[in-house]
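Work through the exercises below with the sequence and the model side by side. Each task is followed by a solution that goes step by step.

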Amino acid sequence: MPRYYEDKPEGGACAGLKEDLGTCLLQSDCVLQEGKSPRQCLKEGNCKALKYSFFECKRSVLDARSRFRGRKGY
C-alpha cells in the first residue's frame, strides 16, 4: 500500500517506494515469525509488487525518455 507524506523531505527519485518496500519486508511473516533478514525474504519473493515498482522507478531515472513521460512510481 502506498503511503504519501506531505511534510517529509524528498530523499531522491524513488524514496517513497524504497521506504514502502522496507516496511513491507519488516512487517512480513518471513521476518516476524521465521526470524530471517529482510534481504533473505526479498530474495525468496516477498513483496513482489513493491520490488518490481521500485525496480521500474530506478530504471526510469536512467531512461532518457522519462524526461518527456515523467518518472514512474510516486
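**Exercise 1.** Decide whether C30 is buried or exposed, and find the cysteine to which a disulfide joins C30.

*Solution.* Begin with the accessibility: C30 has a relative accessible area of 5% and is therefore buried, where buried means under 20% relative accessible area, exposed over 50%, and partly exposed in between, with a 1.4 Å probe and protein chains only. Before going on, note that this is a predicted model, in which local features need pLDDT of at least 70 and side-chain atom pairs count only at pLDDT 80 or more, while totals for chains, interfaces and linings use all residues. Residues are numbered from 1 along each chain as its sequence is written, and side-chain values use heavy atoms, with hydrogens and water left out.

Next, look for the partner: a disulfide joins C30 to C41, with an S to S distance of 2.0 Å, which fits the definition of a disulfide as a pair of cysteine sulfur atoms within 2.5 Å. C41 is buried as well, since its relative accessible area is 0%.

Finally, place the pair: C30 lies in helix 2 (residues 29–32) and C41 in helix 3, so the link ties together parts that are 11 residues apart in sequence. Helices here are DSSP runs of H or I with at least four residues, and strands are runs of E with at least two, numbered from the N terminus. The torsion about the S-S bond is about -85°, so this disulfide is left-handed.

**Exercise 2.** Work out which parts of the chain are tied together by the disulfide of C24 and C47.

*Solution.* The sulfur atoms of C24 and C47 are 2.0 Å apart. C24 belongs to helix 1, whereas C47 sits in the loop between helix 3 (38–44) and helix 4, so the pair ties together parts 23 residues apart in sequence. C24 counts as partly exposed because its relative accessibility is 26%, while C47, at 14%, counts as buried.

**Exercise 3.** Describe the disulfide that joins C14 to C57, and then state which pattern the disulfides of the protein follow.

*Solution.* The S to S distance between C14 and C57 is 1.9 Å. This pair links distant parts of the chain, 43 residues apart, with C14 in the segment before helix 1 (15–26) and C57 in helix 4 (residues 48–62). With -95° about the S-S bond, the link of C14 and C57 is left-handed. C14 is buried at 4% relative accessibility, and C57 is buried at 1%.

To finish, the structure holds 3 disulfides, and counting the bonded cysteines along the chain gives the pattern 1-6, 2-5, 3-4.
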